[in-house]
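User: I am new to this structure and would like a close look at a single part of it, explained with some care. Please take one sheet and its surroundings, and begin with any term that I need in order to follow you.

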Amino acid sequence: MRLIHSLSHTGLIFGALFFAASITPSLVPRAYVEQGILSGFCFAVGYSVGVFLRWLWAYLELPIPRSTRKKPIKFALAAICALAVVSSVWFARPWLDSVRLAMNMPPVDDIYLVRTLLIALATFAVLMVIGRVFMWLSVGVARRARSWMPRRVANVIGAACAALLFLFVANGVIVKGALRVVDASFRQADALIPPDSTAPTLPSVTGSTLSLVDWDKLGRAGRDFVVSAPDAARISSFTGRAARTPIRVYVGLPAGDSARERAHLALKELLRVGGFSRKALVIITPTGTGWVDPGAILSLEYLYRGDVASVAMQYSYLPSPLSLLVEPGYGQDASRALFDEVYGYWKTLPKADRPKLYLHGLSLGAMNSERAVDAFEMLGDPINGAMWSGPPFSSTHWRALTDGRNAGSPAWLPEFRDGSLVRFMNQNGTRVPADAPWGPMRLVYLQYASDAVTFFDPHDAWRAPDWMYEPRGPDVSPSLRWYPLVSMFQLALDMLLADGAPMGYGHVFAPSHYIDAWLLVTGIADWPPADLARLKQMLDQQRLQAIQALRD
């Protein structure tokens, strides 16, 4: 009873409202643990908002009804708020299932909501304890300061000291310590070579005895990348036509002391293996850990029947979100260095004899790849195109193109001018007519409307995003609504969970969609529709099996 009496009734009302909003649909499905933590956090935020408004009301010396101070009233309000929370959980199942239905997933089970509620209560309790400790520190400092300064000044000093202490502990101890541990662990994991992993014997493969890049300097992602390329026989057996073994060049972080040094090494290795003698050459900017989406490169290699070379360079050990937080400019510098080396050599070659030059990047790789390109530097000799998938919301070029879209086109699938330079596409293709002409350079963004990595925006805290208006993307729940603050928290969590969505939704891109994107970029038109359908089915099945193996 004492605990209930100590709670703010205004805080409980706002907390219940925030809780109810948090359990409404978002972009991707959430397990009960994530949903419970989100709902408990939102309840705590709403409670804090209510406490602040109650304090502001009193500070402005506005009248406070005496009835609200009575214990029976407080108990009644607490009971009403508890009933509202339980009711919102009870009626939430259709909302949650609407997200899963949009992604062809089964509905939640019967125990899901009960577990969600229990975890939310535990999360709120922990945050309440932290809040009480903050208030205890703030009041303690203020009480000591009142002996030699005005009361309200002392209160401000007390709150500021408590906030600084919390920030110091959170940032200086918890965050930095955790990042050091994560960085060290990812560095060790990247260097670890499994016992059954041996250096390739073919001289043309990066990491072989004749390679300029040592096997142990490739990193885990690099080793997986170079050895997983299909050989000519495998491609030929599928297509029924002559094929070549694709060339894959990769340079890991340990291979050089600087981005420029590693980029120059990548160019030398690319020259050694004959990368500029192929029909197509693609510069890949990987994700934060150095990973290259196999569906993206395999689809291009099959479309070109193996007559393609690709080159990639690692710039971090950390996953993309952490790499963006810790090393925000390093990926851009590395991508620019590699582009300068490869493009600088490529443009010296006779136009009739050189390969078509493309760029590719996924997620953080897409952002760093687009930043590496200076259109003014390429006016006289542009690259052939680029295919960027899942660009993060902070991608400046993507943002400018989306904001400058043609009137009437949705934010989740924009049309930009006549579509001769850049086109956006999703699971269902692009809105630009197939017979619309291209210019000398083709840029394609592959993005899903359910991908919060692309569509999150901090401004969602106080205004509804454009992509939420009708018509909505095919993979977005029609029941999704915008709520102040809460929607931003929902989408922030969706970013962390986007990689766990089913293939073809969220931040998990299907090879079949990559094929359609590459067809737009390259203009390849010699594949019969039936063969393209078989290729899509085969690569999708392989990717599904790989994803399932990782999640198991």
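Analyst: A residue is called buried when its relative accessible area is under 20%, and exposed when that area is over 50%. The model is a predicted one, and with these cut-offs a short helix serves as a first example. In helix α9 (residues 232-239), the buried residues are I235, F238 and T239. Viewed down the axis of α9, these buried residues fall within an arc of 90°, so they line one face of the helix. A233 and S237, on the other side of α9, are exposed. After α9 comes G240, which has a positive phi, near 75°.

With that vocabulary in hand, we can turn to the sheet. It is an open sheet of eight strands with mixed pairing, and its strands follow the order β1-β3-β2-β4-β5-β8-β6-β7. The edges are taken by β1 (247-251) and β7 (429-430), each of which has a single partner strand, so one side of each is left without a neighbour in the sheet. Helix α14 (residues 364-371) packs on this sheet, where it touches β2, β4 (356-362), β5 (385-389) and β8 (442-446), and its direction makes about 140° with that of β4. Another helix, α18 (residues 511-522), lies across β2, β4, β5, β6 (422-426), β7 and β8, and runs at about 165° to β8.

Within the sheet, strands β2 (residues 280-285) and β3 (residues 308-313) run parallel and are joined by five bridges; V282, for instance, has S310 in β3 as its bridge partner.

The strand that repays the closest look is β6. Five of the five residues of β6 are buried, so this strand is largely enclosed by the rest of the structure. In a regular strand, side chains alternate between the two faces of the sheet. In β6, V422, F424 and N426 point one way while R423 and M425 point the other way, and all of them are buried.

The pairing of β6 can be described for each of two strands in turn. With β8, strand β6 pairs in the parallel sense over four bridges, and here V422 stands opposite L443 in β8. With β7, by contrast, β6 runs antiparallel, the two being joined by two bridges, and M425 stands opposite T430 in β7. The connection from β6 to β7 is a hairpin that passes through two residues, and it leads to a strand that stands at an edge of the sheet.

Terms used. Residues numbered from 1 in each chain as written. Predicted model: local features only at pLDDT ≥ 70, side-chain atom pairs only at ≥ 80, totals over all residues. Heavy atoms only, no water. Pairing = 2+ DSSP bridges. Contact = heavy atoms within 4.5 Å. Axes fitted to C-alpha atoms, helices over the stretch in contact; angles between N-to-C directions. Buried < 20%, exposed > 50% of the residue type's maximum accessible area, 1.4 Å probe, protein only. Arc of directions from axis to C-beta.
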